[in-house]
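These are my notebook entries from a session spent looking up burial, surface patches and backbone angles in one chain. I began with a cut-off, since several later entries lean on it.

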Amino acid sequence: MKDSKNKVNTTQIAKPAELVNGKMNGLFINPYEEYSVTICGQTIMLTSEEPAEVLSVLPEKKREIIYLYFFGRYTQQEIGEIYGRCRSTAWYHIHSALQMLHEEMELLFHEES
């Protein structure tokens, strides 16, 4: 015979549907803000404001190249074909876009400090 002190009242346990429907939503805090950037017609959600801000100020072609390479997972060869260039030129544009992104991030951090 079980002791009644050890029994769990199952009506007090939250069911997954209740969590989704928001009954207990206030108990959970999302530690990340989300920032959206639209590139190539696709909305990308980032958890840091700075990269979202910097990506937004890059020239459109640089944003596209970063999107294709890092988010779209295109190869250098495929990016070259999209722009009518060879693989090495695509690599140069990827590298150039990353350098510009790095420089913009440095400027942003120096402005904040």
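Entry 1, the cut-off. I take a residue as buried under 20% relative accessible area, as exposed over 50%, and as partly exposed in between. The model I am reading is a predicted one.

Entry 2, Glu53. I looked up Glu53 with that scale in hand and found the residue in helix 2. Its relative accessibility is 38%, so Glu53 counts as partly exposed. Glu53 also belongs to a negative surface patch, in which I listed Glu33, Glu34, Glu49, Glu53, Glu111 and Glu112. When I asked which elements give two or more residues to this negative patch, the answer was helix 2 and helix 5.

Entry 3, the chain as a whole. I then stepped back to the overall layout and noted five helices and two strands, which from the N terminus on follow the order α-β-β-α-α-α-α. The chain has 113 residues, of which 23% count as buried. Among contacts with a separation of 6 or more, I noted that 40% come from residues 24 or more positions apart. The exposed area of the chain is about 8,900 Å², and carbon and sulfur atoms supply 52% of that area.

Entry 4, the buried side of helix 2. Having met helix 2 through Glu53, I looked up which residues of helix 2, spanning 49-57, are buried, and found Glu50, Ala52, Val54 and Leu55. What covers these buried residues? I found that the cover includes strand 1 (35-39) and strand 2 (42-46), together with helix 3 (60-71) and helix 5 (87-112).

Entry 5, helix 3 and Lys62. Since helix 3 is part of that cover, I went on to Lys62, which is found in helix 3. Is Lys62 buried or exposed? With a relative accessible area of 16%, and with under 20% as the limit, Lys62 is buried. Leaving aside residues up to four places away in sequence, I found that Lys62 touches Ser96, Ala97 and Met100. For Lys62 and Met100, which lie 38 residues apart along the chain, I noted a C-alpha separation of 8.4 Å.

Entry 6, a nonpolar patch. I also looked up Phe70, another residue that is found in helix 3. Phe70 has 41% relative accessibility and therefore counts as partly exposed. Together with Phe71 and Leu98, Phe70 forms a nonpolar patch on the surface, and the three have about 260 Å² of accessible area together.

Entry 7, positive phi angles. My last search was for residues that have a positive phi without being glycine, and I recorded Cys40, with a phi of about 55°, and Arg73, with a phi of about 60°. Cys40 is in the loop between strand 1 and strand 2, where its relative accessibility of 39% makes Cys40 partly exposed. Arg73 lies in the loop between helix 3 and helix 4, the latter covering 76-82. I asked whether Arg73 is buried or exposed; its relative accessible area is 70%, so Arg73 is exposed.

Terms used: Residues numbered from 1 in each chain as written. Predicted model: local features only at pLDDT ≥ 70, side-chain atom pairs only at ≥ 80, totals over all residues. Heavy atoms only, no water. Buried < 20%, exposed > 50% of the residue type's maximum accessible area, 1.4 Å probe, protein only. Contact = heavy atoms within 4.5 Å. Areas by Shrake-Rupley, 256 points an atom, 1.4 Å probe, with all protein chains shown as cover. Patch = residues over 30% accessible without salt bridge, like charges linked within 9 Å, V, L, I, M, F, W, Y side chains within 5 Å. Salt bridge = Lys/Arg side-chain N within 4 Å of Asp/Glu carboxyl O. Lys, Arg positive; Asp, Glu negative; His and termini not counted. Charge placed at Lys NZ, Arg CZ, Asp CG, Glu CD.
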